[in-house]
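Colleague: Could you take me through the main nonpolar core of this predicted model? I'd like a close look at that part, and then at whatever sits around it.

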Amino acid sequence: MSFDVLMPESEDELLTLLMSENAKIMAGGTDILVRIRAGKIKPEKIISLSKVRGMDEIIDKGDRIYIGCKVTHSAALSSEILKEHSPIMLMALREIGSPQIRNRGTIVGNIVNASPAGDSIIPLYLSNARVVISGPKGEYKLPIEEFIKGPGKTALSIGEFVRAVEFEKSGSWYPLFYKVGQRTAMAIAIASIGLLVKDNNLRIAFGSVAPTVVRAYKAERYFERNNGNIAVMDEFIELCMEYISPIDDVRASAWYRKEVIKNLLRDTFNSLRKKVL
């Protein structure tokens, strides 16, 4: 296993190198190096972002937050903008790996890795995130639900990279994020749930129980129709389960994941009733 490491210093140089055959971009390296070591990908060139100027900013853009592709999980956790305007993102980031992983890994790296278990992806789905893509034809944005196509699959074309992600502020919403793993720390999720509640409005998403993170839109509308009073919990759970299609893997069986989600939903709404409903 060998590859060349290229270190562009400007975005123009980066875009030129991305046109190279069998080249992969790297920010923190917490995902791509694992995939290389496992033999899942065999790039001839790794393009490091470490010397590219900029792209490490968190910007308040009015009703949205903009996070550059070099922003690490640790940097995001210390951001005053996120503390005030996206507590759901901070809840998810605290669940990611160890301090060492959070010091290297990036939110955009989580997006491009496109794992349904990516902890930071759930708050992005809940916050109607748009992925900012830069490439030979300029810059454009895609909703994150259109960008992530499946496990490890995205809408990126040759020569393109994700420059940033931007998403709605949710500081006025009540946030909850729960994750179940094989152990209490440094675990990949067996199943996870995130939600935002404000008055009679609900946004709810699940991780690790489908090919991508999923938002349960029918359940959200059911909650709204019932003015936030879920009299029949079983009906609500049934609507959520329409979006769940887990697989058996080394971490858990599909049956177990479904049972975890049902229990998480009951526990979550029992907690919500005591606090905000």
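Modeller: Start with Leu-124 and Ile-144: of the 46 residues in the largest nonpolar core, these two touch the most other members. Helices H1 (11-18), H5 (87-93), H7 (107-113), H8 (121-126) and H9 (144-147) each give two or more residues to this core, and so do strands E5 (64-68), E6 (130-135) and E10 (161-168). In soluble globular proteins, nonpolar side chains tend to be buried together.

Now zoom in on Ile-144. Leaving out residues up to four places away in sequence, Ile-144 touches Ile-111, Ile-121, Leu-124, Tyr-125, Ala-129, Arg-130 and Val-131. Leu-124, the other residue I started with, is on that list. Apart from this core lies another one, of 29 residues, with Leu-176, Ile-193, Phe-223 and Leu-265 among them.

It helps to put the domain assignment alongside. That assignment splits the protein into domain 1 (4-48), domain 2 (58-168) and domain 3 (174-274). The C-alpha centres of domain 1 and domain 3 are 35 Å apart.

There's also an open sheet of three strands, ordered E1-E3-E2 and paired in parallel. Strand E1 (4-6) and strand E2 (23-26) are at the edges with a single partner strand each, so one side of each has no neighbour in the sheet. On average, neighbouring strands here are turned by 25 degrees against each other, direction ignored. E2 is joined to strand E3 (residues 45-48) by four bridges, and the two run parallel. If you want one pair to click on, Lys-24 has Ile-46 in E3 as its bridge partner.

Then have a look at Thr-106, in the loop between helix H6 (99-104) and H7. Is Thr-106 buried or exposed? Its relative accessibility is 6%, under the 20% cut-off, so Thr-106 counts as buried. Again skipping residues up to four places away in sequence, Thr-106 touches Ala-27, Gly-28, Cys-69, Lys-70, Val-71, Thr-72 and His-73.

Cys-69, one of those contacts of Thr-106, is itself buried, with a relative accessible area of 2%. Cys-240 is buried too, at 0%. As for disulfides, the structure holds zero.

Definitions and conventions. Residues are numbered from 1 along each chain as its sequence is written. This is a predicted model: local features need pLDDT of at least 70, side-chain atom pairs count only at pLDDT 80 or more; totals for chains, interfaces and linings use all residues. Side-chain values use heavy atoms; hydrogens and water are left out. A disulfide is a pair of cysteine sulfur atoms within 2.5 Å. Buried means under 20% relative accessible area, exposed over 50%, partly exposed in between (1.4 Å probe, protein chains only). A nonpolar core is a set of buried Ala, Val, Leu, Ile, Met, Phe, Trp, Tyr and Cys residues joined through side-chain atoms within 4.5 Å. Contact means heavy atoms within 4.5 Å. Domain bounds come from an automatic or database domain assignment. Two strands pair if DSSP finds at least two bridges between them. Axes are lines fitted to C-alpha atoms, for helices over the stretch in contact, and angles run from 0 to 180 degrees between N-to-C directions.
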